[in-house]
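Welcome! Here is a short briefing to help you find your way around a new structure. Please take a look at the sequence and the model first.

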Amino acid sequence: MIATFPAAAAAAAAAAPLSLDRTSLVVAPGGGRTETLAATMLAGDLASLGAARPPVVAALAQCRGTCIVIGRYDTPLVRRVAAGGGVDLSMLRSAWERHVRARVRVDGHDVLLIAGSDRRGVIYGVVDLSRALGISPWSWWADVTPRRRDHIAIDDATVVSRPPSVRYRGIFLNDEDWGLQPWAAKTFDPAKGNIGPRTYARVFELMWRLKANTLWPAMHSVSTPFYGDPGNAPLADDYAIVVGTSHAEPMLRNNLREWDEAQRGPFDFTRRPQAIVDYWRERVAATRQQETIYTLGLRGIHDGPMQGATTNAQRRAILETVFARQQALLADTLHKPLSDVPQVFVAYHELQEAYDAGLAVPPDVTLMWSDDNYGYLRRLSDVKERQRPGGAGIYYHLSYWGRPHDYLWLGTTHPALIREEMERAWQTDARRMWIVNVGDIKPIEYLTQYYLDLAFDDRLLGEPPQAHLARFMAEQFGEADAAETAAIMMRFYDLAWERRPEFMGFGETEWVTPNRPSAYVQSDGEEAEDRIAAYRDLVARAEAVAAHMPADRRNAFFELVLYPVRAAAALNTRILSLDLAGLYAREQHGGANVMVERARAAHARLVADTAAYNASAGGKWRGIMDMAPRRLPVFDEPVWPQWSISSAKGCGVSAWGEWLDDGNTLAFSAGRTDTRTFTLFAHQPQAADWSLISAPPGYHLSADSGALTRDGAYQQRITVRYDGTTGAKGKLRLRCAGQEFSVPVDTLAEARGALVERERRVTLPPAVAARGGWQMLNGLGSMGASLRSSLLLSASVDPARWTFSTMTTSDAVVRVVALPTHAMDPSHGVRVAVSLDGAPPVTLDLGTIGRSDRWRGNVLSNTSVATIPLTALAGGTHRLAVTPLDPGVILDRVEIVLDRAKPRYGAVTTPR
């Protein structure tokens with residue numbers, strides 16, 4: 001983000017276009033390789049827009065056309081140009097990653113000055129110019145081809161950048177086995193045969209364009225260790241990239257590949273402390289002249305607990321010794337105060353548990369908090385910890401390999417969750433270092449940019465994610481399609497919020513369990529059919545935009561939008577269609593085998609689209625997209641069943657109603673307009689006509705006749721609308737395939753108010769609550785909004801309140817459905833108090849501990865549920881209140897579920 005400061009107001013008022021059709025680039029003497037690389041990138045960007053490729057020269061006297069002077073603010077040339085044009089650079093002195101861009105006349109030359117406070121300040125000044133000219137950060141990594149034009153110009157108003165909000169902002173290349181590494185090895189850099197300097201150069205340029213300054217390099221066993229290739233570290237220094245390492249790689253060491261236990265012995269600090277310290281010393285000495293962040297602490301040889309300790313007390317004792325040895329090593333080797341050496345302790349899994357058990361971390365070390373691998377921060381700094389000089393940071397996942405299930409394939413973390421979690425991090429002063437696990441980079445492009453944009457400019461935390469997404473789409477595809485494309489992708493994230501595509505097998509990993517029938521088919525199949533239809537509609541919308549996408553954006557649209565949408569739709573359709581086929585077979589439904597065919601076709605589409613992805617851009621991305629990472633059961637092509645044909649003839653009805661007068665009855669609230677559905681199907685795989693014979697007064701069908709055909713899987717879902725006027729009890733009389741049958745309908749006691757019992761369930765959404773002391777979070781949750789208690793909650797506040805009505809007396813359960821957030825810090829929990837009809841409140845604890853079975857279920861569904869049983873809840877009007885007892889609790893919805901309610905996986909949502 002850039003901003004025009006008051007000092008530039010006069011220049012801004014007189015702003016005029018500055019032609020860049022013919023330019024020369026002057027790298028200020030006194031700069032280094034970094035500034036030259038930035039100038040080279042800018043030269044390429046200008047050429048890609050249609051300008052003559054500008055030369056990079058060493059002096060103003062060599063300029064032809066507009067001179068673009070690039071350099072640090074304190075170099076002699078930059079100082080002379082700024083003084084000659086009256087440009088104030090004082091704000092750059094001692095600043096971190098800031099820049100000024102200004103037009104001046106010097107020595108008869110028209111000069112565009114880009115002055116940086118430091119190397120990265122220069123880089124970001126160049127990047128901001130390229131962005132202003134229309135170069136997307138994803139011009140190479142997502143094929144957003146720069147558009148050539150006849151004339152290139154920039155507004156010549158002076159701009160002064162804001163300082164970045166978070167000091168160290170970066171990415172972690174991780175779990176690269178199924179995408180980045182095979183692509184680099186076989187397609188992009190076959191001469192190297194792995195991720196090496198050629199690949200890292202492309203990664204570093206992307207980081208420049210996203211204003212990320214820190215890299216945790218790829219570290220799995222398939223990859224060459226970053227420091228194992230002599231070209232990597234010097235290249236990172238050329239690009240001014242700060243290199244750190246993950247929680248599993250203390251002191252810049254990739255233990256998995258660099259500690260050979262056969263030669264070095266066990267990686268056990270209790271048995272070989274000096275050998276391990278010497279091993280660390282080798283790397284610190286080798287990198288002493290480079291810009292690095294040292295991860296302190298100790299874990300196992302890879303991503304697991306340390307050897308030689310089995311309890312938190314043992315880990316604590318070992319870690320405190322390790323900290324002392326590591327800091328002594330840094331001080332002795334680097335010869336500088338430890339306060340000047342960036343150090344971080346990543347409180348990941350058992351390391352956080354040891355910290356919470358009393359582990360003392362040196363005060364000048366940054367405490368890096370982690371999410372639980374599924375987007376929910378496990379804890380944050382308390383009031384005392386916020387005073388530590390080392391500050392705090394965040395390690396966050398947009399991709400993950402591990403239990404309870406991987407999500408390495410598609411980028412589906414909801415932007416609204418990212419915004420909420422990073423807002424709580426910001427508000428609790430975790431502002432020194434934000435690192436995000438981006439897997440293979442593709443296809444997590446947008447989410448990566450969103451996270452890094454939040455880190456660079458905290459003001460974005462105050463706006464809806466939809467606004468950022470729309471701007472992103474406008475930058476890639478133009479204003480005309482931005483709103484619709486952003487809406488498509490937000491719907492994509494909404495559907496994945498309920499269940500990520502990778503989780504649709506309803507199995508788990510570590511240990512790997514087989515797929516099992518979907519929880520979307522617990523009753524009549526309607527929920528599964530609705531989800532298939534939602535994805536079908538989303539694909540149609542995406543394909544409609546793709547159909548008129550200009551040729552130079554088709555690859556980009558396929559990679560950023562169409563493939564993720566169609567791939568998620570195909571996997572959902574395959575799995576749910578097979579589940580429905582089983583249900584239909586049990587119902588003696590003639591369409592069972594049609595659903596198998598639809599599932600098989602969906603799988604074929606997924607295979608074809610994945611092949612198309614890998615062949616896109618002339619084969620540039622061959623090997624980057626794997627539709628079955630880790631070969632988990634959810635991705636397996638199933639055995640395709642073939643159901644025998646039912647012996648039943650004619651037609652049948654599937655409906656979930658009330659059992660009234662010995663009949664399955666569609667029940668309505670008297671005097672209230674509403675709808676119910678039933679499915680009419682043929683028992684035989686043969687077309688059948690149907691028609692309505694008669695309906696009681698007040699009831700109307702969505703269609704009065706139709707045909708059950710193969711295209712519709714020999715079924716039709718029919719909506720019954722009750723107009724609320726008469727309320728007669730009766731039967732819908734139908735004729736199908738020459739057979740007459742009926743569907744009973746009836747009205748029950750009138751339920752008053754906006755929230756009433758429907759199919760023996762009342763859903764209380766956040767949007768209609770009297771919020772009390774809760775804050776509304778629009779866009780987050782299963783119903784389009786959620787309620788969050790204050791992040792600084794310290795006293796009692798008013799509850800959220802709802803009024804609702806039920807029609808009959810029945811036993812019931814109050815289901816409080818929250819997001820599976822964690823306590824803000826150890827002194828708090830995740831608790832609410834619930835009161836029904838003024839009764840004494842019941843305290844519910846929505847928190848979890850560790851990787852419990854409850855936590856597993858929570859993160860797979862993005863819910864945390866607590867219940868209160870009710871005996872003989874009377875029909876009529878009721879009032880429910882929910883009071884937050886801890887900060888940061890996020891309430892998704894409350895449900896009152898009466899006995900015999902239809903089982904559901906997701907929320908009963910209203911159209912948005």
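Helices and strands here are DSSP runs, helices of at least four residues and strands of at least two, numbered from the N terminus. With that in hand, we can place W401 in the loop between β16 (392-397) and α13 (415-427). Please keep in mind that this is a predicted model.

**The whole protein**

- The protein has 20 helices and 37 strands. Its radius of gyration is 31 Å, close to the 29 Å that the globule rule gives for 912 residues, so the protein is as compact as a globular protein of that length.
- Along the principal axes, the C-alpha atoms fill a box of roughly 95 × 70 × 55 Å.
- Of the 912 residues, 61% are buried.
- Among contacts with a separation of 6 or more, 76% are made by residues 24 or more positions apart.
- About 33,300 Å² of the protein is exposed, and carbon and sulfur atoms supply 51% of that area.
- The protein carries 100 positive and 101 negative charges, and the mean positions of the two sets are 2 Å apart.

**Helix α3 and strand β3**

- Helix α3 covers residues 76-85, and its buried residues are L77, V78, V81 and A82. These residues cover an arc of only 130° around the axis, so they sit on the same side of α3.
- Why can residues three or four places apart point the same way in an α-helix? The reason is that an α-helix has 3.6 residues a turn.
- On the face of α3 turned away from the buried side, you will find the exposed residues P76, R79, A83 and G84.
- The cover over the buried residues of α3 includes β3, β5 (66-72), β6 (99-106) and β7 (109-116).
- Just after α3 comes G86, which has a positive phi near 70°.
- T23 belongs to strand β3, which covers residues 23-27. Is T23 buried or exposed? T23 is buried because its relative accessible area of 5% is under the 20% cut-off.
- Beyond residues up to four places away in sequence, T23 touches L46, P54, P55, R64, T66 and I68.

**The loop that holds W401**

- W401 is partly exposed, at 24% relative accessibility.
- Leaving aside neighbours within four places in sequence, which residues is W401 in contact with? They are D175, D177, W178, H220, D406, L408, E510 and R630.
- W401 and N373 are 28 residues apart in sequence, and their C-alpha atoms are 8.8 Å apart in space.
- P404 also lies in the loop between β16 and α13. The peptide bond from R403 to P404 is cis, with omega near 5°.

**Backbone details to look for**

- As background, most residues other than glycine have a negative phi, and most peptide bonds are trans.
- Another cis peptide bond joins K442 and P443, with omega about 5°. P443 lies in the loop between β17 (433-439) and α14 (445-456).
- L252 is not a glycine, yet its phi is positive, about 65°. You can find L252 in the loop between β12 (242-243) and α8 (255-258), and L252 is buried at 1% relative accessibility.
- F506 is not a glycine either, and its phi is positive, about 55°. F506 sits in the loop between α16 (479-498) and α17 (526-547), and F506 is buried with a relative accessible area of 6%.

Note on methods
Residues numbered from 1 in each chain as written. Predicted model: local features only at pLDDT ≥ 70, side-chain atom pairs only at ≥ 80, totals over all residues. Heavy atoms only, no water. Rg over C-alpha atoms; globule rule 2.2 N^0.38 Å. Buried < 20%, exposed > 50% of the residue type's maximum accessible area, 1.4 Å probe, protein only. Contact = heavy atoms within 4.5 Å. Areas by Shrake-Rupley, 256 points an atom, 1.4 Å probe, with all protein chains shown as cover. Lys, Arg positive; Asp, Glu negative; His and termini not counted. Charge placed at Lys NZ, Arg CZ, Asp CG, Glu CD. Arc of directions from axis to C-beta.
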